[in-house]
Amino acid sequence: TLPTTRPAVETQTIDLGDGVRLELVKVPAGEFTMGDEAGLADEKPLARVRIGQPFWMGRCEITNRQYRLFDPRHDSRLERSGFLHFNPTQRGQSMDGDDQPALRVSWTEAMAFCRWLSQRTGRRFTLPDEAQWEYACRAGTATPLWFGPVRADFARLANLADGSLNALFKEKWAFPHNVIPPWHLAANAVDDHYRPTAPVATYQPNPWGLCDMHGNAAEWTRSAYRPYPWRGDDGRNPPADADPTALSPLERRVVRGGSFYDPPRMARSASRRDHVVWQQVFDVGFRVVRLPE
C-alpha cells in the first residue's frame, strides 16, 4: 500500500532557453543500506552508505527536447517491435518524441551534455554516482522497488515490461493465435499503457518527487562497474568535471533503473548492469545531478 501522505518536495526550475526548462528535486542527506542480499551476485556484500549532504537531481530523465539543445541532430529512433518489419513506414514505434527520454546516448555523450549544461547555466552538473542514484531511487524505502515487491501492480507507477510489450501490432493485424509467442520476460497481467518509452513524468513519482526511477529509460551513472562492497573513495567515480574523452574506450560504467524492456526484477532499486562508455544503447538514457557551487 502506497503512503497516503508524502513529505514536501523542494524543487527548482532552470531555464535552458528556447522555451525549454529543467526541473530539479532536492534529495535530502541521510544513510541507507546499498545492495540487495536477495539480489544478484554483483549486488552484494551490502554496505551502509552515508549521503553527507543534500543534492539536487533531475526530476525526470533528460528528454529528447532537452538533449537536442545540445545536439540538434539527435535521434532516439525506434523500438523495432521484435523482428517484424511490414513496410518502410511501419518499422516500429517512435521513441523520438520531444517529451520521451533521450535514448541511444553513450556515457561519453551524457557526460559531455553535463559539461555543456554547466557552461550554459553557470551551475555545475554531472551524472549521479551509483550510491546517489540508489539512495534517491529508494527514497527511504527498503523494498525491492520503491513501491513494493517485484510482483506489485506497477500500472500507475512505472513503465516496465508488461503485457503491452508482448502485444505486437495486435490492434492492426490479425495474426493466428501464438504465431508470435510472447517470448519476452514480462509482467503480462499488468498494462502500463506504453510499449516503448512514455513521456517523462507519466507515472507517479517516488516519495521524494523523482519520476521514472524504475523503468522507462535505464540510466547511466558516473560510476565504473566494480565489485561491491561500495566505496566512494576507491577511484570508481571520476571527478565530476572530468573530460569524458580521456577514458579508455574499454571502460565500463554502471546503468541503473531498468527500462520499458525490463521485467520488475531487473529494475529493482539495487539492480545493476553495465556498458562500455562509447555504447549507444536502445533503452539507455540518463538524468543529471547538480553539484554544490
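At 0% relative accessibility, F260 counts as buried in this predicted model. Its ring forms a pair with that of F282, the two centres being 6.2 Å apart and the planes standing at 90°, so the arrangement is edge-to-face. F260 is placed in the loop between β10 and β11, and F282 in the loop between β11 and β12, so the pair ties together parts 22 residues apart in sequence. Unlike F260, which is buried, F282 counts as partly exposed, at 29% relative accessibility.

A search of the whole structure gives 13 aromatic pairs. One of them is formed by F113 and F286, with ring centres 5.4 Å apart and planes at 70°; this pair is therefore also classed as edge-to-face. Distant parts of the chain are linked here: F113 belongs to helix α2, whereas F286 lies in the loop between β12 (284-285) and β13 (289-290), 173 residues apart. F113 is buried, its relative accessible area being 0%. For F286 the relative accessible area is likewise 0%, and this residue is buried. Both residues also belong to an aromatic cluster made up of Y67, F70, F113, W116 and F286. A further aromatic ring, that of W107, has the charged end of R253 over it, 4.9 Å from the ring centre.

In soluble globular proteins, nonpolar side chains tend to be buried together. The largest nonpolar core of the model contains 28 residues, of which L22, F113, L117, L127, W220, F286 and V288 touch the most other members. At least two residues of this core are supplied by each of β1, β2, α1 (64-70), α2 (107-121) and β9. Helix α2 provides the largest share, seven residues. The surroundings of one of the core members, L127, can be listed in detail. Apart from neighbours within four places in sequence, L127 is in contact with W107, A110, M111 and C114, with W220, T221 and R222, and with F286, R287 and V289. A second core, separate from the one described above, has 21 residues, including M34, A47, Y228 and W230.

Several features of the backbone were also examined. A cis peptide bond with omega of about 5° joins K44 and P45. P45 is located in the loop between β3 (30-34) and β4 (47-51). Another cis peptide bond joins Y228 and P229, with omega of about 10°. In this case the proline, P229, is found in the loop between β9 (218-224) and β10 (252-256). Y228, on the other side of that bond, is among the members of the second nonpolar core.

Positive phi values occur in residues other than glycine. D18 has phi near 55° and lies in the loop between β1 (11-17) and β2 (20-27). N216 has phi of about 65° and is situated in the loop between α3 (130-138) and β9. The two residues fall into opposite accessibility classes: D18 has a relative accessibility of 68% and therefore counts as exposed, whereas N216, at 0%, counts as buried.

Note on methods. Residues numbered from 1 in each chain as written. Predicted model: local features only at pLDDT ≥ 70, side-chain atom pairs only at ≥ 80, totals over all residues. Heavy atoms only, no water. Helix = DSSP H or I, 4+ residues; strand = E, 2+ residues; numbered from the N terminus. Buried < 20%, exposed > 50% of the residue type's maximum accessible area, 1.4 Å probe, protein only. Core = buried A, V, L, I, M, F, W, Y, C linked by side-chain atoms within 4.5 Å. Contact = heavy atoms within 4.5 Å. Phe/Tyr/Trp six-rings, centres within 6.5 Å; stacked < 30°, edge-to-face > 60°. Lys NZ or Arg CZ within 6 Å of the ring centre and 35° of its normal.
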